[in-house]
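Colleague: Please show me the model, and then I will ask about it piece by piece.

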Amino acid sequence: MKHVRLGDIEKHFWLTRSVARCMEISLSEAIAEGRLTAQGYSEMVTRCRAADCSERCAVWLAYQQSRATAAPDFCANAKALNALT
């Protein structure tokens, strides 16, 4: 089994929330509405931490001027986030 070094939890928590926000998704509301579990949210942050795309993500976020209709293809959480739209 390959050991994957996880990135800083706080950084990836905010990256995950920021991509969701650009898609006009409130992860807190998704949990409150039963569309996302706390475990699912935790797994999203962990997937982000394990991915090697935080720099690309930061650039993508910097260029968002309007609502994103989908998560970027390189995002480790694209499938999960797109399912919440």
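The questions below deal with a cavity and with three residues.

Modeller: This is a predicted model, in which local features need pLDDT of at least 70 and side-chain atom pairs count only at pLDDT 80 or more, while totals for chains, interfaces and linings use all residues. Residues are numbered from 1 along each chain as its sequence is written, and side-chain values use heavy atoms, with hydrogens and water left out.

Colleague: Which element gives the most residues to the lining of the largest cavity?

Modeller: A cavity is a set of points on a 1 Å grid over the protein atoms alone where a 1.4 Å probe fits but cannot get out, and lining residues have an atom within 4 Å of a point. The lining of the largest cavity includes H12, T16, C48 and N77. Two elements, α1 (9-22) and α4 (54-62), give two or more residues to this lining; helices are DSSP runs of H or I with at least four residues, numbered from the N terminus. The most comes from one element, with four residues: α1.

Colleague: How much space lies in the largest cavity?

Modeller: A volume is the space filled by probe spheres set on the grid points, which are joined across faces, edges and corners. The count of cavities of 30 Å³ or more comes to one. The space in the largest cavity is about 70 Å³.

Colleague: Why does N77 count as buried?

Modeller: N77 sits in the loop between α4 and α5 (78-83). Buried means under 20% relative accessible area with a 1.4 Å probe, protein chains only. N77 counts as buried because its relative accessibility is 2%.

Colleague: With which side chain does the side chain of N77 make a polar contact?

Modeller: A polar contact is a pair of N or O atoms within 3.5 Å, where one must be able to donate a hydrogen and the other to accept it. The side chain of N77 makes one at 2.8 Å, with the side chain of R47.

Colleague: Which residues does V45 contact, leaving aside neighbours within four places in sequence?

Modeller: V45 is in helix α3 and is buried, at 9% relative accessibility. Contact means heavy atoms within 4.5 Å. With those neighbours left aside, V45 is in contact with I9, H12, F13 and T16.

Colleague: Which backbone oxygen lies 2.6 Å from a polar atom of the side chain of R49?

Modeller: R49 lies in helix α3 (residues 38-50). Among the residues R49 touches beyond four places in sequence are R5, G7 and D8. The backbone oxygen at 2.6 Å belongs to G7.

Definitions and conventions:
On a 1 Å grid over the protein atoms alone, a cavity is a set of points where a 1.4 Å probe fits but cannot get out, and a pocket is an open set with protein on both sides within 12 Å along at least five of seven lines; lining residues have an atom within 4 Å of a point. Buried means under 20% relative accessible area, exposed over 50%, partly exposed in between (1.4 Å probe, protein chains only).
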